Amino acid sequence: IVQSSQHEKLYILPATNALANFDDIFAKNLASLENPFHLLETAIEEAVETLNIKTIVIDTSPSLNKLLLMGLNVSFGNKTNVLIPFQLDQFGADSIVDITKTLKSVSQTTNKNIHVIGLVPVLLEGTSKRDKEVLEQIKEVYGELVLDTKIMRKTDIKTIVEIGFSEQYANERKALEMYYQLFQNVTERVQ
């Protein structure tokens, strides 16, 4: 666990390439593990208590794998708030159905504290007619769970992370505005 040099109460547990093989290793050792889907929670429990950590954000891969299931089981008796990003295409719409089934299963079996705070459309190309149609269909099904924030594909957050922010670039400013709006939407729903 790494402590941020800029934010005293921010700790980061970075992912590594070793996680790419996690599902295979997990499957081979599943029978010998006690509470296998609480493995991540158990692994970070001491740090959470020692450092008095109040909020944990776990960014998982977009696939329904064992690491996602472990992330969904970290609660320490509190709410496990879940934000679901999705793309505006048929695959994205189907993925919402898949993840909601997974969340229901987890809440019925291993973590009754699951709470979906919202769905956020990501990687939008712009204001295409098809994007709008798919978004409206998803809003019809999921209603208020769909956040107003939309993360555009052209959002160059990767560059900002790699080389930093510069006030002179409008694209960087737009990217940060989208993510700041997302932060505000999430904060309102978590409190």
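This is a short talk on the fold, the sheet and a few side-chain details of one protein chain.

Good morning, everyone. Before I begin, please keep in mind that what we are looking at is a predicted model, and that every value I quote is computed from it.

Let me start with the overall layout. The chain has 191 residues, of which 29% are buried, and its secondary structure consists of seven helices and five strands. Reading from the N terminus, the order of these elements is β-β-α-α-α-β-α-β-α-β-α-α. If we take the contacts with a sequence separation of 6 or more, 69% of them join residues that are 24 or more positions apart. As for the surface, the chain exposes about 13200 Å², and 53% of that area is supplied by carbon and sulfur atoms.

Now to the sheet. Three strands make an open sheet in the order β3-β4-β5, with parallel pairing, and the edges are β3 and β5, the latter being residues 151-152, since each of these two strands pairs on one side only. Strand β3 and strand β4, which covers residues 114-124, are joined in the parallel sense by seven bridges. Within that pairing, threonine 80 has isoleucine 114 of β4 as its bridge partner, and proline 85 stands opposite valine 120, also in β4. The connection between these two strands passes through helix α4, residues 90-109, and together β3, α4 and β4 make a right-handed β-α-β unit.

Which residues of β3 lie on its covered face, and which on its uncovered one? In this strand, residues 80-86, the covered face carries Thr80, Val82, Ile84 and Phe86, whereas Asn81, Leu83 and Pro85 are on the uncovered face. The general background is that side chains in a regular strand alternate between the two faces of the sheet.

Let me stay with the other end of the sheet for a moment, and turn to arginine 153, which is found in the loop between β5 and α6, the helix at 157-163. Arginine 153 and leucine 123 are 30 residues apart in sequence, yet their C-alpha atoms are 4.0 Å apart in space. Leaving aside neighbours within four places in sequence, arginine 153 is in contact with Gln87, Leu123, Leu124 and Glu125. Even with these contacts, arginine 153 is partly exposed, because its relative accessible area is 41%, which falls between the 20% and 50% cut-offs.

On charged pairs, I can be brief, as the structure holds one salt bridge. The partners are glutamate 133 and arginine 130, whose side chains meet at 3.4 Å, N to O. Both residues lie in helix α5, residues 129-142, and they are three residues apart, about one turn of the helix. Buried or exposed, or something in between: where do these two residues fall? Glutamate 133 is partly exposed, because its relative accessible area is 34%, and arginine 130 is also classed as partly exposed, because its relative accessibility is 43%.

Finally, a word on the nonpolar surface. Val2, Leu10 and Ile12 make a nonpolar surface patch of about 240 Å². Of these residues, isoleucine 12 lies in strand β2, residues 11-12, and isoleucine 12 counts as partly exposed because its relative accessibility is 42%.

That is the end of my tour, and I am happy to go back to any part of it.

Methods
Residues are numbered from 1 along each chain as its sequence is written. This is a predicted model: local features need pLDDT of at least 70, side-chain atom pairs count only at pLDDT 80 or more; totals for chains, interfaces and linings use all residues. Side-chain values use heavy atoms; hydrogens and water are left out. Helices (H or I, at least four residues) and strands (E, at least two) are DSSP runs, numbered from the N terminus. Buried means under 20% relative accessible area, exposed over 50%, partly exposed in between (1.4 Å probe, protein chains only). Contact means heavy atoms within 4.5 Å. Accessible areas come from the Shrake-Rupley method with a 1.4 Å probe; for residues, only the protein chains shown count as cover. A crossover is right-handed if, with the strands pointing away from the viewer, the path from the first strand over the helix to the second runs clockwise. Patches are made of residues with over 30% relative accessible area and no salt bridge: like charges are joined within 9 Å, nonpolar side chains (Val, Leu, Ile, Met, Phe, Trp, Tyr) within 5 Å. A salt bridge is a side-chain nitrogen of Lys or Arg within 4 Å of a carboxyl oxygen of Asp or Glu.
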